[in-house]
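Biologist: Before we settle on any labels, could you take me through the reasoning behind each one, setting the value beside the rule that it has to meet?

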Amino acid sequence: LPTDSVNVLRNWMMENVKRPYPTDQDKADLAKAAGITTHQVSNWFVNARKRIWQTMLEAKYGEDGAHALMPSRPLRAMEIPQLGDVTPT
């Protein structure tokens, strides 16, 4: 993806680090702002949660703690965890 597009997505993720699961409306807004498709937004977040968010959780809580906080299956909006004190490193 273009750097400007990634910056839009990364900024949203850091602003929503406690719940990095954009809604369908968030995805549509992000796609428009980033100049990409909603499918690309969805794929970026799947990868980013593995590469960026999981790494942040592991740094804060250790590998076992991070895996305990990460969902093991796709979640519906009502099931999305709210992580109280996760902050970007």
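Modeller: A good place to begin is the set of rings, since W12, W44 and F45 form one aromatic cluster. Please keep in mind that this is a predicted model, and that the protein chain has an average pLDDT of 81, with 70% of the residues scoring at least 70.

Biologist: How many aromatic pairs are there by this rule, and why is the pair of W12 and F45 called edge-to-face?

Modeller: The count comes to three aromatic pairs. For W12 and F45 the ring centres are 5.4 Å apart and the planes stand at 90°; a pair needs centres within 6.5 Å, and planes over 60 degrees apart count as edge-to-face, so this pair is edge-to-face. The pair also links distant parts of the chain, with W12 in helix 1 and F45 in helix 3, 33 residues apart.

Biologist: What makes W44 and F45 an edge-to-face pair?

Modeller: The rings of W44 and F45 lie 5.0 Å from centre to centre, with 85° between their planes, and since the cut-offs are within 6.5 Å for pairing and over 60 degrees for edge-to-face, the pair of W44 and F45 is edge-to-face.

Biologist: How do you know whether W44 is buried or exposed, and what about F45?

Modeller: The label of buried requires under 20% relative accessible area. W44 has 13% relative accessibility and therefore counts as buried, while F45, at 1%, counts as buried by the rule as well. W12 is buried too.

Biologist: Why does S5 count as buried or exposed, and at what relative accessibility?

Modeller: S5, which is found in helix 1, has a relative accessibility of 4% and so counts as buried, the limit being under 20%. Leaving aside residues up to four places away in sequence, S5 touches A34 and I36.

Biologist: How are helix 1 and helix 2 placed relative to each other, by axis distance and crossing angle?

Modeller: The axes of helix 1 (residues 3-15) and helix 2 (residues 24-34) come within 8 Å and cross at roughly 145°, and helix 1 passes helix 2 in a right-handed crossing. On the side of helix 1 the contact is made by S5, V8, L9 and W12, and on the side of helix 2 by D26, L30, A33 and A34. Sorted by class, the contact has six nonpolar residues, one polar and one charged.

Biologist: Which helix has the highest confidence, and which the lowest?

Modeller: Confidence in the protein chain is highest in helix 2, at 98, and lowest in helix 3 (residues 38-69), at a mean of 81.

Key
Residues numbered from 1 in each chain as written. Predicted model: local features only at pLDDT ≥ 70, side-chain atom pairs only at ≥ 80, totals over all residues. Heavy atoms only, no water. Axes fitted to C-alpha atoms, helices over the stretch in contact; angles between N-to-C directions. Helix = DSSP H or I, 4+ residues; strand = E, 2+ residues; numbered from the N terminus. Left-handed = near helix turned anticlockwise from the far one by under 90°. Contact = heavy atoms within 4.5 Å. Nonpolar A, V, L, I, M, F, W, Y, C, P; charged D, E, K, R; others polar. pLDDT = per-residue confidence, 0-100. Phe/Tyr/Trp six-rings, centres within 6.5 Å; stacked < 30°, edge-to-face > 60°. Buried < 20%, exposed > 50% of the residue type's maximum accessible area, 1.4 Å probe, protein only.
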